[in-house]
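Biologist: I'd like to learn how to read a model like this one. Can we look at it together and go feature by feature?

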Amino acid sequence: MSLLLDVRDLCVTYGKVEAVHRVALSVKEGSIVTVIGPNGAGKTTLLAALMGMLHARGSVSYAGKEITRVEPEQRVSRGLCLVPERRELFATMTVEDNLVLGAFHRYRKRDKAITADFEQVYQLFPRLHERRRQLAGTLSGGERQMLALGRALMSRPRLLMLDEPSLGLAPLIVRDIFRVIAGLRETGVSILLVEQNARAALQVADYGYVLETGEIAIEGPSADLASDPRVVESYLGLVAGNTEKAS
Amino acid sequence: MNAQIAIFLVQDGLTNGAIYALLALALVLVFAVTRVIFIPQGEFVTYGALTLASLQLGKLPGTAWLLLAAGIAVTAVELAQALRLGAAERIPGILFKYVIFPAAVMGLAWWAAPLKLALTLQVLLTLIVVVPLGPMVYRLAYQPLANASVLVLLIISVAVHFAMTGLGLVFFGAEGSRTPAFSDAHWNLGVLTVSGQSLWVMGTSLALIVGLFLFFEHTIYGKALRATAINRVGARLVGVSPAMAGKLSFTLAALIGALSGILIAPITTIYYDSGFLVGLKGFVGAIVGGLVSYPIAAAGALLVGLLEAYASFWASAYKEVIVFTLIIPVLIWRSFTTHHIEDEEE
Ligand SMILES: Nc1ncnc2c1ncn2[C@@H]1O[C@H](COP(=O)(O)OP(=O)(O)OP(=O)(O)O)[C@@H](O)[C@H]1O
Ligand SMILES: [Mg+2]
């Protein structure tokens with residue numbers, strides 16, 4: 001399988017503070033890769049830089065092309081999509097309009113399959129269909145997460161980057177969200193997943209990175225990571241869940 | 001003052017108020033999407049009126065030259081950017097939009113001006129010449145500093161306003177122009193005499209307002225503009241670039257400005273610098289709406305029109321003073337009734 005995303009030597013600074021330091025990371029086409037790490041490690045910063053929302057040094061190549069200087073809007077139309085930590089929904093627009101805007105670049109290309117994708121998103125999240133006329137700002141926290149994910153899916157991403165999709169969700173919904181993520185891989189979408197919930201992330205992912213203070217500390221296939229004593233101790237808690245993923 | 005005069009003043013006030021309402025809507029739109037307080041809106045009014053006046057005299061309007069010059073300036077800026085980003089594939093598009101298109105418009109105007117075409121065709125040609133200046137002004141003056149503070153953007157607006165007024169003097173001279181009415185019809189309805197001209201103005205304004213509403217509610221680009229106004233980061237993440245949104249909102253503002261100029265030109269004599277005052281009255285309306293509410297801005301602008309009509313009847317020397325003094329009680333009232341909404345997150 002070829003590399004869809006290949007990042008080398010990526011550095012991101014806020015003023016003089018370096019938040020991401022010489023990160024190298026890659027995502028194979030059709031795989032799920034997770035980045036875990038403590039608060040303030042630079043995970044959100046990393047994803048924002050990959051989306052082009054922050055200025056970064058180093059090289060980012062996507063689908064075989066260097067995109068380091070490509071603007072975020074162009075990246076979206078090439079199939080890169082970010083669900084940011086703050087979701088950034090259009091609060092005073094309806095759920096449906098938020099989804100419509102998710103497909104903005106496809107409307108520009110006169111894509112005919114948009115209507116079918118609406119059906120699919122509504123099927124995935126029936127709650128959104130019930131509330132399609134409601135303003136996004138009035139949704140519950142969980143519904144907002146669904147809308148953020150739905151809006152991202154409407155862009156038909158090739159590489160979907162998710163920043164803590166389970167943030168603040170009840171365990172049952174977390175399970176649903178991870179099921180959706182695993183299902184997406186089946187349809188050929190590659191996923192870069194940032195999570196606090198390391199156990200669930202390593203279960204669903206093929207490969208993982210541990211980011212600590214802006215640098216990659218450990219990496220490896222997720223089964224190996226899940227049994228790595230350093231990961232077990234810091235991120236999975238004392239009761240290791242290393243038997244849950246056997247691949 | 002008898003009933004007949006009172007009714008006449010209402011008609012007069014609503015006619016002007018309809019134009020101010022259009023301008024107020026454009027100002028709210030531009031501010032919501034780009035945070036620019038669009039003072040040069042008035043210059044588009046002037047350009048629209050004077051371009052049409054030139055065409056009616058069978059002369060090539062100076063704005064055609066201006067379009068060509070602005071196009072070349074934008075070409076230079078865009079080419080420099082394309083080279084810096086190594087995006088050579090953009091070059092044909094740039095040349096088409098900013099060199100070939102303005103040149104074609106110039107050629108068209110050159111050919112059409114002496115023919116003294118029908119009024120509707122002249123209006124159309126006026127719009128083709130003036131409206132593309134809107135996005136070009138955005139590209140040249142605002143886009144390079146799009147992330148600056150509202151104050152910096154306001155200072156740019158003042159500069160653009162003076163530059164465009166100056167160019168208006170260069171291209172149109174100091175004499176004023178007045179275009180013939182669209183319609184000389186009059187209807188007597190009891191005490192009320194309705195003029196065809198004011199029906200034209202109100203009808204066109206209403207049609208444009210409905211059109212804008214439909215655009216924002218039902219088209220993908222209208223939604224994209226609203227999205228940018230609501231959440232800039234979110235808009236970028238779905239692929240709506242701020243530059244595209246800025247150019248689109250300036251295009252709409254230029255269209256509204258030029259059309260307002262065309263509508264007002266048969267009512268008032270327009271000089272190279274008259275647009276400013278017209279725009280300012282739209283601005284008072286927009287301020288009544290706090291620069292955020294479209295309906296309140298439109299209502300405020302209608303109020304300005306009515307106030308102006310009555311002021312010019314009772315104290316015509318002071319009519320501008322009276323109209324602009326209105327802004328003070330309105331601002332006081334608004335400062336009591338509105339609370340500042342901080343940027344909502346999540
Ligand atoms: N706009 C900013 N200006 C300055 N420093 C920032 C800015 N944004 C983030 N930082 C700093 O950069 C570091 C990395 O932040 P980031 O949000 O990427 O962490 P994170 O790994 O996503 O954390 P969390 O798990 O809590 O979401 C933190 O120390 C943070 O304080
Ligand atoms: Mg984060």
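Biologist: How many salt bridges does the rule count over all chains?

Modeller: Keep in mind that this is a predicted model. Over all chains, the count comes to 24 salt bridges. One of them joins E29(A) and R158(A), whose closest N and O atoms are 3.1 Å apart.

Biologist: Which parts of chain A does that pair tie together?

Modeller: Look at where each partner sits. E29(A) is in the loop between strand 2 (17–28) and strand 3 (32–36), while R158(A) is in the loop between helix 7 (141–153) and strand 7 (159–163), so the salt bridge links parts of chain A that are 129 residues apart in sequence.

Biologist: Now the interface. How is the size of one often given?

Modeller: People often quote the accessible area that is lost when the parts come together. Here, chain B and chain A bury about 2,500 Å² between them, with 60% of it on carbon and sulfur atoms. In residues, 25 of chain B are in contact with 29 of chain A.

Biologist: And how many salt bridges and polar contacts cross between chain B and chain A?

Modeller: The rule finds four salt bridges across that interface. K223(B) and D97(A) form a salt bridge through their side chains, at 2.9 Å from N to O. There are also six residue pairs in polar contact across the interface, both residues at pLDDT 80 or more.

Biologist: Which elements give two or more residues to chain B's side?

Modeller: Those are helix 9 (220–230), helix 10 (232–237) and helix 11 (242–264) of chain B. Helix 9 of chain B gives the most, with seven residues. Sorted by class, the side of chain B that touches chain A has 13 nonpolar, four polar and eight charged residues.

Biologist: Let's move to the ligand. Which residues come nearest to ligand 1?

Modeller: Of the 13 residues around ligand 1, the nearest are K43(A), T44(A), T45(A), E85(A) and Q196(A). Helix 1 (residues 43–51) of chain A gives the most to this shell, with three residues. By class, the shell divides into four nonpolar, six polar and three charged residues.

Biologist: What are the distances from oxygen atoms of ligand 1 to K43(A), E85(A) and G40(A)?

Modeller: For K43(A), a side-chain N or O atom is 2.6 Å from an oxygen atom of ligand 1. E85(A) places a polar side-chain atom 2.7 Å from a ligand 1 oxygen. With G40(A) the partner is a polar backbone atom, 2.8 Å from an oxygen of ligand 1.

Biologist: What share of ligand 1 does the protein bury?

Modeller: Ligand 1 exposes 640 Å² when taken alone, and the protein buries 57% of that.

Conventions. Residues are numbered from 1 along each chain as its sequence is written. Chains are lettered from A and ligands numbered from 1 in the order in which they are written. This is a predicted model: local features need pLDDT of at least 70, side-chain atom pairs count only at pLDDT 80 or more; totals for chains, interfaces and linings use all residues. Side-chain values use heavy atoms; hydrogens and water are left out. Contact means heavy atoms within 4.5 Å. Buried area is the accessible area (1.4 Å probe) that two parts lose on being put together, summed over both. A polar contact is a pair of N or O atoms within 3.5 Å; within protein, one must be able to donate a hydrogen and the other to accept it, and residues adjacent in sequence count only if both atoms are side-chain atoms. Helices (H or I, at least four residues) and strands (E, at least two) are DSSP runs, numbered from the N terminus. Ala, Val, Leu, Ile, Met, Phe, Trp, Tyr, Cys and Pro count as nonpolar, Asp, Glu, Lys and Arg as charged, and the others, Gly among them, as polar. A residue is near a molecule or strand if one of its heavy atoms lies within 4 Å of it. Accessible areas come from the Shrake-Rupley method with a 1.4 Å probe; for residues, only the protein chains shown count as cover.
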